[in-house]
Amino acid sequence: MTGSVGSPHSAGEAGATEPYAEALLAGVAADMPPIGLEDVPELMSRMDHKYIVTTATMARLAAELGDRFLALRIDGRRQFRYTSTYFDTPCLLTYHQHRQDRRRRFKLRTRTYLDGGGQWLELKLSGGRGSTDKHRIPYDGVPSDTLTDEALDFVRDTLLGELHLIAPETLEPVLATDYKRVTLIDRSGTARLTCDTGLMFRDGQGSAPARGDLVLLESKSVDGKALVDKVLRGLGVRPVSVSKYCLAVAALLEQPANRWQPVLRRYLVHRPSPRHLAPTRVPGAEPGGLLTAAAERRGRLA
């Protein structure tokens with residue numbers, strides 16, 4: 001299955017605010033001792049908490065963490081560009097399962113590490129214990145908006161074996177997200193904090209940027225009781241229920257999103273009506289392409 005959601009950072013950047021948060025995170029990472037990727041423990045099964053914070057709060061958090069965290073460094077870099085392409089059914093099954101807070105649900109994406117690290121096909125599973133399990137396979141050399149036969153077998157086998165779910169018959173590319181990330185690693189090896197800035201949602205027909213003065217944090221730990229969570233509570237910051245994919249669907253497509261409206265209003269530079277999104281010229285998103293056809297099918301099914 002193939003399609004296109006455009007090239008990374010190809011449109012909409014002019015509408016974003018100045019990247020204050022991105023510059024701050026670069027400084028935070030530079031001030032922390034480094035750790036190489038080979039020394040970072042895997043956290044494929046974990047508890048996640050997400051937060052949206054201002055640059056001022058991020059600076060206070062970094063000061064509180066002090067030297068108890070290390071900054072991931074690869075080939076001299078400490079801030080990395082990511083792009084992810086998400087797959088869903090024509091009726092956006094995985095989006096609605098998340099919106100309805102279904103106990104067993106999944107998300108499927110390709111993730112490309114633009115500054116090294118290759119490309120992976122990732123299947124994120126949510127079960128009844130509130131934990132997140134991530135399963136992935138290397139996906140280098142495959143277009144990021146394509147699902148090969150091997151990929152589909154991986155999805156079917158994993159969903160059946162882990163969640164006892166039958167995989168949907170049709171999965172197609174829906175949209176993509178681009179952002180920069182700094183990853184901080186707890187010295188204990190039981191937790192990490194990802195810090196995302198410059199987030200952009202795009203679907204080949206339009207784009208929506210996040211504010212440049214906010215940071216999307218994700219605290220990941222084996223028990224959900226990381227030091228970061230404790231410090232943020234002390235700073236008066238509470239977790240938010242949010243998903244990049246779900247925010248992107250709500251921002252770009254005409255889908256119910258009441259539970260995420262407060263986050264959308266705060267986090268995005270603006271919330272354009274999907275019917276009035278400015279056209280975005282993106283290579284591969286020409287009329288007749290798979291993404292366009294998928295969008296037309298969703299429109300007929302709405």
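Strands are DSSP runs of E of at least two residues, numbered from the N terminus. In this predicted model, strand E11 holds Ser221 and spans residues 214–221. Ser221 has a relative accessible area of 1% and is therefore buried, the limit being under 20%. A polar atom of the Ser221 side chain lies 2.9 Å from the backbone nitrogen of Gly224. With neighbours within four places in sequence left aside, the contacts of Ser221 are Arg46, Met47, Thr190, Ala191 and Ala226.

Strand E2, residues 45–54, contains His49. The relative accessible area of His49 is 24%, so this residue is classed as partly exposed, between the limits of 20% and 50%. The side chain of His49 makes a polar contact of 3.4 Å with the side chain of Asp229. Asp229 also appears among the contacts of His49 outside four places in sequence, together with Leu217, Glu218, Ser219 and Gly224. Gly224 is thus named twice, since its backbone nitrogen lies 2.9 Å from a polar side-chain atom of Ser221 and the residue is in contact with His49. Between His49 and Val228 the C-alpha to C-alpha distance is 9.7 Å, with a separation of 179 residues in sequence.

The cavity search returned 2 cavities of 30 Å³ or more. The largest cavity encloses about 100 Å³. Its lining consists of Arg46, Lys50, Tyr86, Lys107, Arg109, Arg111, Lys124, Lys134, Arg181, Glu218, Lys220 and Lys244. By class, 11 of these residues are charged, 1 is nonpolar and none is polar. At least two lining residues come from each of strands E2, E5 (105–113) and E11. Strand E5 makes the greatest contribution to this lining, with 3 residues. Arg46, which takes part in the lining of the largest cavity, is also one of the contacts of Ser221.

The second largest cavity has a volume of about 40 Å³. Lys50, Leu199, Leu216, Glu218, Val242, Ser243, Lys244 and Leu247 form its lining. This lining divides into 4 nonpolar, 3 charged and 1 polar residues. Strand E11 and helix H6 (244–252) each contribute at least two residues to the second largest cavity. Lys50, Glu218 and Lys244 occur in the linings of both cavities. Of these, Glu218 is also in contact with His49.

Conventions:
Residues numbered from 1 in each chain as written. Predicted model: local features only at pLDDT ≥ 70, side-chain atom pairs only at ≥ 80, totals over all residues. Heavy atoms only, no water. 1 Å grid on protein atoms, 1.4 Å probe; cavity = no way out; pocket = protein on both sides within 12 Å on 5 of 7 lines; lining within 4 Å. Points joined across faces, edges and corners; volume = space filled by probe spheres on them. Helix = DSSP H or I, 4+ residues; strand = E, 2+ residues; numbered from the N terminus. Nonpolar A, V, L, I, M, F, W, Y, C, P; charged D, E, K, R; others polar. Buried < 20%, exposed > 50% of the residue type's maximum accessible area, 1.4 Å probe, protein only. Polar contact = N/O pair within 3.5 Å; in protein donor to acceptor, adjacent residues only side chain to side chain. Contact = heavy atoms within 4.5 Å.
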